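These are my notebook entries on what I looked up in the model, kept in the order in which I went through it.

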Amino acid sequence: MEHRRQQVGMGEIKIGTGSDILHAILGSCVGIGFIWKNGNRCGLAHCLLPEAPTQICSIGARYVSQAVPSLLMMMGIKEHDYPDIEVILAGGARMLKVGSRGFQVGPLNVAAAKKYLLKSGLKITYDDLGGRTGRQILIDCEQKKFLVTGLARQNEGILHGNT
């Protein structure tokens with residue numbers, strides 16, 4: 001059977017079954033993956049920001065605080081299922097130059113992901129977080145396996161060419 005690749009964009013959640021492969025490219029965003037070992041589905045949330053300014057009751061992953069309950073609800077996971085859930089975290093890099101006075105959302109996303117998973121009673125099985133490079137996460141729903149790989153940073157210098 002041919003695999004069906006599903007790209008999970010910023011602020012999105014996707015649930016996969018069977019031959020689905022969930023995929024996201026992460027920088028300062030955090031990817032929260034759930035693999036339900038004895039269930040028939042996996043989920044991936046691509047979270048852009050740590051905390052919603054007000055309580056959000058809608059499904060989504062713009063905020064980490066929204067994504068964890070959304071994944072649980074969309075996948076139909078109940079508290080008694082938690083021991084069967086493999087939780088994968090990836091991303092949360094500091095994508096701006098060190099010393100930049102910009103807002104460093106990556107570390108805030110990482111802290112929020114850990115906070116809301118702990119608050120929900122879920123244990124993180126694997127994490128690849130922080131640093132200065134982006135990551136790619138793949139979740140194979142058929143094999144119930146995942147792969148997190150680092151992405152090479154482009155040279156941050158000036159483009160040069162023939163004149």
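I began with burial: of the 163 residues of the protein chain, 45% count as buried, where buried means under 20% relative accessible area, exposed over 50% and partly exposed in between, with a 1.4 Å probe and protein chains only. I note that this is a predicted model, in which local features need pLDDT of at least 70 and side-chain atom pairs count only at pLDDT 80 or more, while totals for chains, interfaces and linings use all residues. Residues are numbered from 1 along each chain as its sequence is written, and side-chain values use heavy atoms, with hydrogens and water left out.

I then listed the elements and found two helices and nine strands in the protein chain, taking helices (H or I, at least four residues) and strands (E, at least two) as DSSP runs numbered from the N terminus. Their order from the N terminus is β-β-β-β-β-α-β-α-β-β-β. For contacts (heavy atoms within 4.5 Å) between residues at least 6 apart in sequence, I noted that 63% join residues at least 24 apart.

**Strand 5**

How many residues of strand 5 are buried? I found six of the six buried, so strand 5 is largely enclosed by the rest of the structure. In a regular strand the side chains alternate between the two faces of the sheet. Here Cys-42, Leu-44 and His-46 on one side and Gly-43, Ala-45 and Cys-47 on the other are all buried, and both faces are thus covered.

I looked next at the pairing, for which DSSP must find at least two bridges between two strands. Strand 2 (residues 13-16) runs antiparallel to strand 5 over four bridges, and Gly-16 has Cys-42 as its bridge partner in strand 5. Strand 4 (residues 30-36) is also paired with strand 5 in the antiparallel sense, over six bridges, with Ile-32 bridged to Ala-45, and a hairpin joins strand 4 to strand 5 through five residues.

Within strand 5 I singled out His-46, which is buried at a relative accessible area of 3%. Leaving aside residues up to four places away in sequence, I found that His-46 touches a set of residues including Val-8, Met-10, Glu-12, Leu-26, Cys-29 and Ala-61.

**Strands 7 to 9**

I found one aromatic pair in the structure. Tyr-126 and Phe-146 form this pair, tilted, at 5.1 Å centre to centre and 50° between the planes; rings of Phe, Tyr and Trp (its six-membered ring) pair if their centres lie within 6.5 Å, and planes under 30 degrees apart count as stacked, over 60 as edge-to-face and the rest as tilted. Because Tyr-126 lies in strand 7 (residues 124-129) and Phe-146 in strand 9 (residues 145-150), the pair ties together parts that are 20 residues apart in sequence. Tyr-126 is partly exposed at 30% relative accessible area, and Phe-146 is likewise partly exposed, at 25%.

Most residues other than glycine have a negative phi. I therefore marked Lys-144, which has a positive phi of about 60° although it is not a glycine. Lys-144 sits in the loop between strand 8 (135-140) and strand 9 and, at 18% relative accessibility, counts as buried.

**Surface**

Last, I noted that the protein chain exposes about 9,100 Å², of which carbon and sulfur atoms supply 53%; accessible areas come from the Shrake-Rupley method with a 1.4 Å probe, and for residues only the protein chains shown count as cover. Ile-59, in the loop between strand 5 (42-47) and helix 1 (64-75), is partly exposed at 41%.
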